[in-house]
Amino acid sequence: MPNIFAYAMLLLWPLIALRLKRKLPLVDSVILLLMVPYLLLPVKVAIDPPLLPAIDKTFMAAIVAFLFCFKEVGVKGIFTFTTFHNQCIAAIFLGSVATVFLNGDPLVFDKGFIPALRVWDLIGVLLGHFTWFFVPFYLGYHLLNTAIAHRRLIYWSAALGMMYILPMLWEIRMSPQLHAQIYGFFPHEFGQQMRQGGYRPVVFLGHGLLVAFFTFSACIAAFVLMKNKISIWKFSGFQVFWILFVAVFLCKTMGVLFYLVAGLGLLLLVKPQKQFLMAAILGVVVLIYPMIRESIAPELQSFTALIKEYNKDRAQSLEFRLNNEDDLQAKANERPWFGWGSWGRNQIYDANGKMTSVTDGVWIIVFGTWGWIGYLGMFGLLCTPLTYWYFFLRRASKAKFPVESGDYSAALGIILMANFVDFIPNSSLVSHNFINGGRFGWASCFIKSRAPYANQNHLSLIANR
């Protein structure tokens, strides 16, 4: 059970956020209002009022950031997105309304049932979408869409990674206990944090996978700082990069190590325009993945057989995931357009109402819950900005703008590409929705600015790296 301090930290966040907002420049304050609560506030601690979504760190951080930054953007900013992104936002919100009205039937079992969705469920659903998806996108689109904002995003990603190093090292040595010692309880299965005879750090993110991915993002950012000879406090960029590089290895997560090696290789060997092209291709794959999943099933089985030759446990885990995905997709296809809705209605149950399925990938959770309409709306917000930027860069590469380094924007693109890949096997970004929403905010940074001077400067910054 959470202790009093856990609830106190949650309720005190608006006061801390107000001080950050007053003391820091606008861009820095927006970044920290999104990232600091995710890194420091307790997981699975919530005040749960009737009809409304639970007021946890996701909800609290989003509402506070929206209210504190609303003056800078205004009411007009809510409606001044591109036509395509307005359509994505409409698909998310209006699609959810349709999902609720089309799931008015309870799921009845021999023992127990799952309730039907009712009109009052719309309040929680729409507020949830507002905090998880809309707020980070809104803030990123209007306030983080410039070259300077990208530099500050990279700087703060590395700086916050350095701040996380000490608690991470303590948990690697002593076991992941900080959340329990400070907030009164451990938020996940302890056994999942044990790897290779040691521990993966959890700190205040709830799972070792999330800490590993955050550290990977910070390391990519630190590489850019090192390349541009930028220091953090008294640490040189070189020192920051190698500290975070070692920290990624200490997180003991093979997938993240692959992302790190691939990301550094792309930054070293591939120009930004090609990086955005690769990101665009990956984005398209994610958008159509529910459509192609069945057709690539034989290749996935062959891949499982190949892994089995080297690691039987990993192969069994992958096979278990693939079998679950097959069953969950079959159920999702029964209501393909608007999905099964919330309350776990997208899961599979036996005759006694016991859940028999396990959802691992973000794609199958979103597709089963909200159907094609919600899926395309949510992933359209995230995947398409990088596609836009690829075509913008093709045009900008021929323009005669001042030459600046585009490493900062390219690094954000690398982090987003890793997200695209991670959507397929893992569900951690859905389990902790604010970091998922944060990625939407980062993605929106790449959308063309409506200010011509800012847009041209940013195009030249990336195209002429």
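This note goes through selected features of a predicted model, from a pocket and a surface patch to salt bridges, backbone angles and contacts between distant residues.

1. The second largest pocket. In this predicted model, the second largest pocket encloses about 190 Å³ of space, and its lining is made up of L20, L32, V36, L39, L40, W156, L160, M163, Y164 and P167. When these residues are sorted by class, the lining has 10 nonpolar, no polar and no charged residues. Two helices, α2 (26-40) and α6 (147-174), each supply at least two residues of that lining, and the largest share, 5 residues, comes from α6.

2. A nonpolar patch on the surface. The residues M163, W233, F235 and I243 together make a nonpolar surface patch of about 390 Å². M163 also appears among the residues that line the second largest pocket, and a reader inspecting the pocket may wish to view the patch alongside it. F235 is placed in the loop between α8 (208-227) and α9 (237-250). Its relative accessible area is 35%, and F235 therefore falls in the partly exposed class.

3. Salt bridges, beginning with D105 and R345. The count of salt bridges in the model comes to 6. In one of them D105 is paired with R345, and the closest N and O atoms are 3.2 Å apart. This pair links distant parts of the chain, since D105 sits in the loop between α4 (83-101) and β1 (107-108) while R345 sits in the loop between α13 (312-332) and α14 (362-396), 240 residues apart. The two partners differ in their exposure: D105 is partly exposed because its relative accessible area is 27%, whereas R345 counts as buried because its relative accessibility is 0%.

4. Two acidic partners for R293. Which residues meet R293 in salt bridges? One is E325, with the closest N and O atoms 2.9 Å apart; this pair links distant parts of the chain, E325 being in helix α13 and R293 in the loop between α11 (272-292) and α12 (297-308), 32 residues apart. Both E325 and R293 are buried. The other is D326, whose side chain meets that of R293 in a salt bridge of 3.2 Å, N to O, and here too the pair links distant parts of the chain, with D326 in helix α13, R293 in the loop between α11 and α12, and their positions 33 residues apart. D326 has a relative accessible area of 32% and is therefore partly exposed, while R293, at 1%, is buried. Elsewhere, salt bridges that share partners join D105, R335 and R345 into one network.

5. Positive phi angles outside glycine. Two residues deserve a look at the backbone. K252, which is found in the loop between α9 and α10 (254-269), has a phi near 55°, a positive value in a residue other than glycine. W343, which lies in the loop between α13 and α14, has a positive phi of about 65° although it is not a glycine. Are these residues buried or exposed? K252 is classed as buried because its relative accessible area is 15%, which is below the 20% cut-off, and W343 is classed as exposed because its relative accessible area is 52%, which is over the 50% cut-off.

6. Residues distant in sequence. Two pairs can be examined by their C-alpha separations. I89, whose place is in helix α4, is 40 residues from H129 along the chain, and the C-alpha atoms of these two residues are separated by 9.6 Å. I89 itself is buried, with a relative accessible area of 12%. The second pair consists of G380 and Q87, which are 293 residues apart in sequence and 9.3 Å apart in space, C-alpha to C-alpha. G380 is found in helix α14, and because its relative accessibility is 1%, G380 counts as buried.

Notes
Residues numbered from 1 in each chain as written. Predicted model: local features only at pLDDT ≥ 70, side-chain atom pairs only at ≥ 80, totals over all residues. Heavy atoms only, no water. Patch = residues over 30% accessible without salt bridge, like charges linked within 9 Å, V, L, I, M, F, W, Y side chains within 5 Å. Areas by Shrake-Rupley, 256 points an atom, 1.4 Å probe, with all protein chains shown as cover. Salt bridge = Lys/Arg side-chain N within 4 Å of Asp/Glu carboxyl O. Helix = DSSP H or I, 4+ residues; strand = E, 2+ residues; numbered from the N terminus. Buried < 20%, exposed > 50% of the residue type's maximum accessible area, 1.4 Å probe, protein only. 1 Å grid on protein atoms, 1.4 Å probe; cavity = no way out; pocket = protein on both sides within 12 Å on 5 of 7 lines; lining within 4 Å. Points joined across faces, edges and corners; volume = space filled by probe spheres on them. Nonpolar A, V, L, I, M, F, W, Y, C, P; charged D, E, K, R; others polar.
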